[in-house]
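Here is a short guided report on one protein chain. Keep the sequence and the 3D view open while you read.

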Amino acid sequence: MTTSMADIHDPPLLVIVTGLSGAGKSTAIKALEDLSFFCIDNLPFAMVDSAVDHLLQSKWTPRRYALGMDARDKDFIAGFADMQARLKQRIKLDVLFLTCAPDQLAERYSTTRRKHPMLDSGGQLIAAIKREAHALQGIERMADVSFDTTTWSVHFLARKVEERYSGRLVGRQLHVNITSFGFKNGLLKPADTIFDVRFLRNPFFDPQLKNRTGLESAVSNYVFEDPNAQVFLNKLVDLHQFLLPEYYKEGKHYFRIGIGCTGGKHRSVSLAERLAVDLANLCIPQIAISVNHRDIDVGM
């Protein structure tokens with residue numbers, strides 16, 4: 001019932017995400033999408049077999065799929081057992097059931113002001129929640145795993161989905177992009193952090209370096225002859241060695257570091273290139289580093 005799916009990496013795999021309304025189905029589906037699953041939410045029960053036929057014949061790589069289904073489709077409740085047995089003959093199947101305490105679900109619905117799908121006109125929300133839980137209890141018993149999200153944040157639920165379904169070949173990464181830019185050409189947007197390196201010695205004032213860029217060793221060496229350059233770089237590396245794994249654990253997928261100087265050709269480019277190399281050399285698991293230079297060709 002709670003066996004980890006971390007060792008499942010051979011396609012095809014189909015995950016059916018179901019459970020109580022408000023327990024986190026949309027969050028789980030999004031987490032699976034981030035793991036490169038092909039996801040279909042609210043698929044009518046009558047279309048499941050034909051959808052699986054299509055998916056099995058598709059060229060989607062990796063062949064990892066997810067279907068979101070819930071109690072709004074009465075045929076899903078009545079026909080779940082037969083569907084589960086039938087699909088297991090055709091594809092590796094895992095059923096994820098999401099549950100939650102009624103009072104917590106009621107609080108979530110009150111906060112979002114959305115209507116519970118089983119709430120009748122003039123009915124009580126708690127009664128609708130309990131009615132849905134009763135209707136789905138048989139499916140919960142047949143599920144491969146049940147997550148109780150009563151005390152979970154959306155980030156924690158996403159991490160639990162990731163732990164179960166990431167596999168060895170497909171996993172979430174934190175994509176870190178380091179971008180150099182020139183303040184005179186406008187602030188870098190969007191960016192998670194921005195660092196101003198205009199305090200470093202400026203190659204622009206050296207006639208032999210003015211029209212060259214920080215991609216060239218002569219310019220980079222000139223910048224790093226300023227002792228503050230290496231001190232500052234070391235501090236950036238130390239800061240992000242701590243930050244990036246924490247952002248990954250929190251569920252971030254993208255992180256953009258901006259390095260700015262006056263024109264975006266010399267100092268910022270040199271620092272961005274060195275920072276990218278140093279962070280890559282740390283070999284932090286699940287962190288992918290890339291670098292680009294927004295303004296390096298502006299005015300050239």
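## Helix α7 and its buried face

Helix α7 covers residues 217–224. Its buried residues are V219, S220, Y222, V223 and F224. They pack against two other helices, α8 and α9. The model is a predicted one.

One of these buried residues, V219, is also among the contacts of H266. That histidine comes next.

## H266, a buried histidine

H266 sits in a loop. Strand β8 (254–261) comes before this loop, and helix α9 (267–281) comes after. Is H266 buried or exposed? Its relative accessibility is 6%, so it counts as buried.

The H266 side chain reaches two backbone oxygens. One belongs to K210, at 3.1 Å. The other belongs to R212, at 2.9 Å. K210 and R212 also appear in the contact list of H266, which leaves aside neighbours within four places in sequence. The list further holds N202, P203, F204, L209, T213, G214, V219 and C261.

## Helix α8 and P227

Helix α8 spans residues 227–250, and P227 lies in it. P227 has a relative accessible area of 59%. The cut-off for exposed is over 50%, so P227 is exposed.

How far apart are P227 and E246 in space? Their C-alpha atoms are 30 Å apart. In sequence, 19 residues separate the two positions.

## Strand β7 and the cis bond before it

Strand β7 takes in residues 193–196, and T193 is part of it. T193 has a relative accessible area of 17%. Buried means under 20%, so T193 is buried. T193 touches H240, F255, R256, I257 and G258, with residues up to four places away in sequence not counted.

The loop between β6 (174–182) and β7 holds P190. A cis peptide bond joins P190 to K189. Its omega is about -10°.

## Helix α1 and its neighbours

Helix α1 runs over residues 25–34. Its buried residues are K25, T27, A28, I29, A31 and L32. What do they pack against? The partners are four strands and a helix: β1 (13–19), β2, β3 (64–68), β4 (92–99) and α6 (154–165).

The packing of α1 with α6 can be described in more detail. Two packed helices are described by the angle between their axes and the distance between the axes. For α1 and α6 the angle is about 50°, and the axes lie 9 Å apart. That angle makes α1 oblique to α6. The crossing of the two helices is right-handed. On the α1 side, T27, A28, A31 and L32 make the contact. On the α6 side, V154, L157, A158, V161 and Y165 do so. By class, the residues of this contact are 8 nonpolar, 1 polar and no charged.

## Helices α2 and α3

A second helix pair is α2 (residues 48–57) and α3 (residues 74–88). Their axes are 11 Å apart, at an angle of about 20°. Angles under 35 degrees count as roughly parallel, so α2 and α3 are roughly parallel to each other. The crossing of α2 and α3 is right-handed.

Which residues meet here? From α2 come V48, D49 and V52. From α3 come M83, R86 and L87. The contact of α2 with α3 has 4 nonpolar, no polar and 2 charged residues.

## Two residues with positive phi

S36 follows helix α1. Its loop leads from α1 to strand β2 (38–41). Phi of S36 is near 75°, a positive value in a residue other than glycine. S36 has 32% relative accessibility, so it counts as partly exposed.

C283 is another case. Its phi is positive, about 55°, although C283 is not a glycine. C283 lies in the loop between α9 and β9 (287–293). Is C283 buried or exposed? Its relative accessible area is 60%, so C283 is exposed.

Terms used:
Residues numbered from 1 in each chain as written. Predicted model: local features only at pLDDT ≥ 70, side-chain atom pairs only at ≥ 80, totals over all residues. Heavy atoms only, no water. Buried < 20%, exposed > 50% of the residue type's maximum accessible area, 1.4 Å probe, protein only. Polar contact = N/O pair within 3.5 Å; in protein donor to acceptor, adjacent residues only side chain to side chain. Contact = heavy atoms within 4.5 Å. Axes fitted to C-alpha atoms, helices over the stretch in contact; angles between N-to-C directions. Parallel < 35°, antiparallel > 145°, perpendicular 65-115°, else oblique. Left-handed = near helix turned anticlockwise from the far one by under 90°. Nonpolar A, V, L, I, M, F, W, Y, C, P; charged D, E, K, R; others polar.
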